[in-house]
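This report considers how several helices pack against one another and what surrounds the principal opening. The sequence and structure are shown first, and the description follows.

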Amino acid sequence: MRNRGKDTPPLFGTCNSRKFGVVSPAAGPPPPTPPTPLPPKGPPPAPRTPPRQSLYPTRSAAGATLGALLVSQGYVSCLLLGVTPEGVEIAANAAKAMAASFDVIVSAFIRLGSNLAPIGALAETETSTEMDPEFAPGANLIDKLGSAIEESRARVRRDLVLYRTQRPIKKFEGRQIIVVDGQVFYPWKVLAAARAVAELGGRRIAIATPVASVSAAERIRARQYEFICPNILADQESPPALYGDATGDSPERLKSIMIAHQAA
């Protein structure tokens with residue numbers, strides 16, 4: 001093989017790295033390892049509670065369900081009376097499912113304080129008052145009880161104007177009367193309404209609601225009323241959200257007044 005001279009160009013040429021913008025990486029220490037995160041202090045966060053399902057999607061659905069149950073149990077040719085305010089929309093939709101008549105009956109709880117459980121109720125007639133038999137007021141509560149009763153009477157008088165414009169209730173004409181409320185965890189309102197129906201001439205009286213407590217159901221049945229309810233909850237069980245379309249007292253009250261006027 002012939003020896004190459006010093007002026008002979010190399011076989012593969014030379015590459016000027018600076019000419020082509022190629023820079024060899026400089027050798028250096030490896031990047032530092034990120035520190036391991038410390039576990040959070042304190043107890044772990046509680047798991048998120050899923051949203052609670054309502055017992056019925058809407059009040060109208062609850063009424064339709066109750067109406068279908070009443071029909072299945074043989075209630076026909078009835079007059080359904082919705083107890084103001086919670087029972088009005090329920091009774092109207094139950095009556096529609098049954099092809100029955102509908103009206104409203106006015107009743108109000110008696111309370112010694114707005115945040116306290118009711119101790120009784122009264123309805124449209126002068127003597128349609130029901131009191132909790134376990135309530136035994138001391139001498140210091142007599143005046144407060146009298147004021148609470150008068151306040152409830154005033155509410156009934158006002159609601160008679162709002163819901164029925166003081167017109168009389170529809171004639172019973174020997175029909176089965178079903179008193180309907182939105183829920184019955186304290187039985188005094190429906191018992192007062194049933195007493196008023198009897199004093200107005202009703203003879204065949206039943207009480208119905210989409211949901212009630214065991215103790216309320218027992219008190220109603222002890223008074224010899226037929227009681228129809230698809231959901232009876234244990235007393236120690238916390239009541240679920242009843243209706244998915246609940247919007248607050250004032251809007252629901254206004255809606256119930258509008259429904260009541262359609263029944264006239």
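## Helix packing and the largest pocket

In this predicted model, helix 1 and helix 2 are oblique to each other, because their packing angle of about 45 degrees falls outside the ranges that count as roughly parallel, roughly antiparallel or roughly perpendicular. Helix 1 covers residues 59-72, and its axis lies 7 Å from that of helix 2; the crossing in which helix 1 passes helix 2 is right-handed. On the helix 1 side the contact is made by R59, S60, A62, G63, A64, L66, G67, A68, L70 and V71, and on the helix 2 side by E89, I90, N93, A94, A97 and M98. Sorted by class, these residues of the contact between helix 1 and helix 2 comprise ten nonpolar, four polar and two charged.

Helix 2 (residues 87-98) also meets helix 6 (residues 249-262), where the two axes come within 8 Å and cross at roughly 40 degrees, which makes helix 2 oblique to helix 6. Here the crossing is left-handed, and the contact joins V88, E89 and A92 of helix 2 to K255, S256, I259 and A260 of helix 6. Four nonpolar, one polar and two charged residues make up this contact of helix 2 with helix 6. E89 of helix 2 thus appears in the contact with helix 1 and in the contact with helix 6.

Helix 6 has a further partner in helix 3 (residues 142-164), to which helix 6 packs at an angle of about 60 degrees with the axes 8 Å apart, so that helix 3 is oblique to helix 6. The residues in contact are R158, D159, L162 and Y163 of helix 3 with R253, S256, I257, A260 and H261 of helix 6. The residue classes for each pair are set out below.

| Helix pair | Nonpolar residues | Polar residues | Charged residues |
|---|---|---|---|
| Helix 1 with helix 2 | ten | four | two |
| Helix 2 with helix 6 | four | one | two |
| Helix 3 with helix 6 | four | two | three |

Which elements supply the lining of the largest pocket? Helix 2, strand 3 (107-110), helix 3 and helix 6 each supply at least two residues, and helix 3 gives the most, with six. The largest pocket has a volume of about 910 Å³ and is lined by 37 residues, of which P85, E86, F109, R111 and K189 lie nearest its centre. By class, the lining of the largest pocket holds 15 nonpolar, eight polar and 14 charged residues.

Technical notes: Residues are numbered from 1 along each chain as its sequence is written. This is a predicted model: local features need pLDDT of at least 70, side-chain atom pairs count only at pLDDT 80 or more; totals for chains, interfaces and linings use all residues. Side-chain values use heavy atoms; hydrogens and water are left out. Axes are lines fitted to C-alpha atoms, for helices over the stretch in contact, and angles run from 0 to 180 degrees between N-to-C directions. Helices (H or I, at least four residues) and strands (E, at least two) are DSSP runs, numbered from the N terminus. Angles under 35 degrees count as roughly parallel, over 145 as roughly antiparallel, 65 to 115 as roughly perpendicular and the rest as oblique. A crossing is left-handed if the near helix is turned anticlockwise from the far one by less than a right angle, and right-handed if clockwise. Contact means heavy atoms within 4.5 Å. Ala, Val, Leu, Ile, Met, Phe, Trp, Tyr, Cys and Pro count as nonpolar, Asp, Glu, Lys and Arg as charged, and the others, Gly among them, as polar. On a 1 Å grid over the protein atoms alone, a cavity is a set of points where a 1.4 Å probe fits but cannot get out, and a pocket is an open set with protein on both sides within 12 Å along at least five of seven lines; lining residues have an atom within 4 Å of a point. Grid points are joined across faces, edges and corners, and a volume is the space filled by probe spheres set on the points.
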